[in-house]
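Let's take a walk through a protein together. Have the picture in front of you and turn it around as you read.

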Amino acid sequence: MPIARHRLAGLAAPLTAALVLGTIGLAAPAGAATAGDGAAAPTAKELTGTHPAWATAQADAGAVPDSAPGSARIYLAGRDRDALAALARAVSDPSSPAYGKYLGDADAKDRFGATPEQVAAVTAWVTGAGLTVDAGTSHYLQVSGTTGALTRAFGTGFRSYRTADGLHRAPVKDATVPPAAAGAVLAVGGLSDAVRPNLSHAVSVREAEQRAKAALAGPDAKQPATLPTVPTCSEDGYGSKTAKGAPEGYEKNEPFAPCSYVPSQLRKAYGVTDAKVSGKGARIAIIDAYGLPTMEQDAGHFATLHGDRPFAPGQYTEYVTPEKWVHQDECGGADGWAGEEALDVEMAHGLAPDAQVVYVGGNSCYDDDLYDAMAKVVDGHLADVVSNSWGEIMHGTGGDLDPAVVAADNQLFQLGAVTGIGFTFSSGDCGDSSPGAAATGVNCQADTSQAQADWPSASPWVTSVGGTALQLADKAGHYGHEVSMGDRRSVLSADQKSWTPFPGNFYFGGGGGVSKDFAQPWYQHGVVPDSVSHTAADGTASATPLRATPDVAMSGDLVAATLVGYTSGGTYSEGGYGGTSVSAPEFAAMVADAIDARGGRAIGFANPYLYDRAGTGAFRDVDDAKVHTKLGNVVDLGEVNGVLKVRLYRIASDYGLTATRGYDTATGLGTPATGFFRR
């Protein structure tokens, strides 16, 4: 997958309390005072976390002038947030009488959307302070004006603070919303201007090698004369070709890495072919940043080259607005996201060839723009399942994820759930996302401050998809074996007699872990062991169980890569990709296939449905303890920039995560098996 698409999120104060079911990302309003007539009088609402931890007295660089420009996004609370969360649970839970009884879009808006009175209250408040409402949707108002107006509106001054990446503005204390508008506001984002981008959780084999040069020690070297002189892979099943003549590594004569997989092999391995399902009647939405102008043409060409059908007329739709694209330098540009988009679209179509596919391109990889793309899918009911292969850490050395992002996203996921829309998110490519993993991992965020589960994967209202290394029994795609996605990597030494370093450094791995920011959701009760749920990824003990990720997993390892094709610079080419960006659209397609098997009945938010089937024939349990050494080591002989490279990988070697019997934080419940489509 192209490298993680970090959503450029505002940095804010730590998310200290576990948020029950992730329904609220901010502190509740202050307790109401009692008016003289006995009615509860409205009180001001403190926006906990809007004063970020990095805005310290020691870092203070002076006041921001009142005349300086500023802006904010004010998310609207809507009607009855508690009822929204309760209904989202009820319609998603197979044990509930309300299961599958989704609301129509208009009904959901009427019951839970923002009221005209709420919009009027927020508008009166901000315009009265001198701000301007620049844009608005049913979810938020975007406001701008001077810093002086922001101070009047939010009851706090603004100062500049020195950070590792320069000066940034932040409130000097947590902002507040006045009583007249407090009940109308869910959260406020953008008061601090420190941001970081969302990563895409995908990387190509070539791209990973280029990144690894700076991160991993060891010289490049020619391969020994006894090895092939052209790129070589095991094409007739895992380990069908042996790297004879290579230096001894974890064992003598390691097998060559498998050739990159194509959709027909994945359909066979995961039971789609035998179940005779194709995603008919289901709709998959894919959200990335920007857009590839040749996507439909490229997907059709890729499918035809590998024995599949291209999209039928009207089967593929896209929503992109190139004239509104922003932050391209920070996000790697549209070209930098092209491989991710191609991967997502081609995997969705490849594993659910009759499903409708909708691509919605965010105008950048920033949180606000990706939120807008998700909201477009929910508001227009464009899909039954939404695949997202991007994310970000929640806790960084410069601060923590803006609580407004958490609150707004969770509200949107719940609105999707009550109308029958489910979200899948890739869990990341950096193991436990700790500083140790980031030291050598090629798809990690360097500013991570602790082991942690990523966002939005950690949300209790999404399906978090981890990764595996799939080992096929033969070229046709019959299932052979599967281990957790995680690679240690060495390079051939200069004298061609050994591997450097040995054992290899951590290179790439599926994400997961227990989040200290969210309480355990109801569907994980009795499935996730207490030994897992009571200890957060960073080692923090919890008296109450916490949200564990991922929920499920599918093929995504970089050394058991997936083939992707797209046009760049006017030329179509193909190459291997890996990461949980592969896994997420694969699993979204499996959900579409399951909808087909159910006669077109939507599954909606899938987690209760999935955990209800834990330990059944719906899933294969992935257990690394069953790995024989010959299943766990491969030699990669490939070409990078025209030069043959020899690399040794030890797979099933994720950082901080291991697949064990039953639920685990490397592969969740496991991977789809033959029984996945049976009901």
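Start with who touches whom: among contacts between residues at least 6 apart in sequence, 80% join residues at least 24 apart. Keep in mind that what you're looking at is a predicted model.

Now zoom out to the whole chain. You can find 17 helices and 35 strands in it. Its radius of gyration is 25 Å, close to the 26 Å that the globule rule gives for 679 residues, so the chain is as compact as a globular protein of that length. Along its principal axes, the C-alpha trace spans about 90 × 55 × 55 Å. How much of the chain is buried? Buried residues account for 61% of the 679. As for the outside, the chain exposes about 23300 Å², and carbon and sulfur atoms supply 52% of that area.

Next, pick out one sheet. Three strands form an open sheet in the order β5-β9-β10, and the pairing is antiparallel. Strands β5 (60-63) and β10 (166-171) stand at the edges with a single partner strand each, so one side of each has no neighbour in the sheet. On average, neighbouring strands here are turned by 30° against each other, ignoring direction. Look at β9 (residues 158-163) and you'll see that six bridges join it to β10. One pairing to find there is Phe158 with its bridge partner in β10, Pro171.

Time for the sulfur atoms. A disulfide is a covalent bond between the sulfur atoms of two cysteines. How many disulfides does a search of the whole structure find? It finds three.

One of them joins Cys233 to Cys259, with 1.9 Å from S to S. Both cysteines sit in the loop between α6 (205-215) and α7 (263-269), 26 residues apart. The torsion about their S-S bond is about 90°, so this disulfide is right-handed. Cys233 has 25% relative accessibility, so it counts as partly exposed.

Another disulfide ties Cys331 to Cys365, at 2.2 Å from S to S. Here the torsion is about -90°, so the link is left-handed. Cys331 belongs to helix α10 (residues 328-331), while Cys365 lies in the loop between β17 (356-362) and α12 (367-380). Both of these cysteines are buried.

Then there's the link of Cys430 and Cys444, whose sulfur atoms are 2.0 Å apart. With 100° about the S-S bond, this link is right-handed. Cys430 is buried at 6% relative accessible area, and Cys444 is buried at 16%.

Finally, number the bonded cysteines in sequence order, and the pairing reads 1-2, 3-4, 5-6.

How values were computed: Residues numbered from 1 in each chain as written. Predicted model: local features only at pLDDT ≥ 70, side-chain atom pairs only at ≥ 80, totals over all residues. Heavy atoms only, no water. Pairing = 2+ DSSP bridges. Helix = DSSP H or I, 4+ residues; strand = E, 2+ residues; numbered from the N terminus. Axes fitted to C-alpha atoms, helices over the stretch in contact; angles between N-to-C directions. Rg over C-alpha atoms; globule rule 2.2 N^0.38 Å. Buried < 20%, exposed > 50% of the residue type's maximum accessible area, 1.4 Å probe, protein only. Contact = heavy atoms within 4.5 Å. Areas by Shrake-Rupley, 256 points an atom, 1.4 Å probe, with all protein chains shown as cover. Disulfide = S-S within 2.5 Å.
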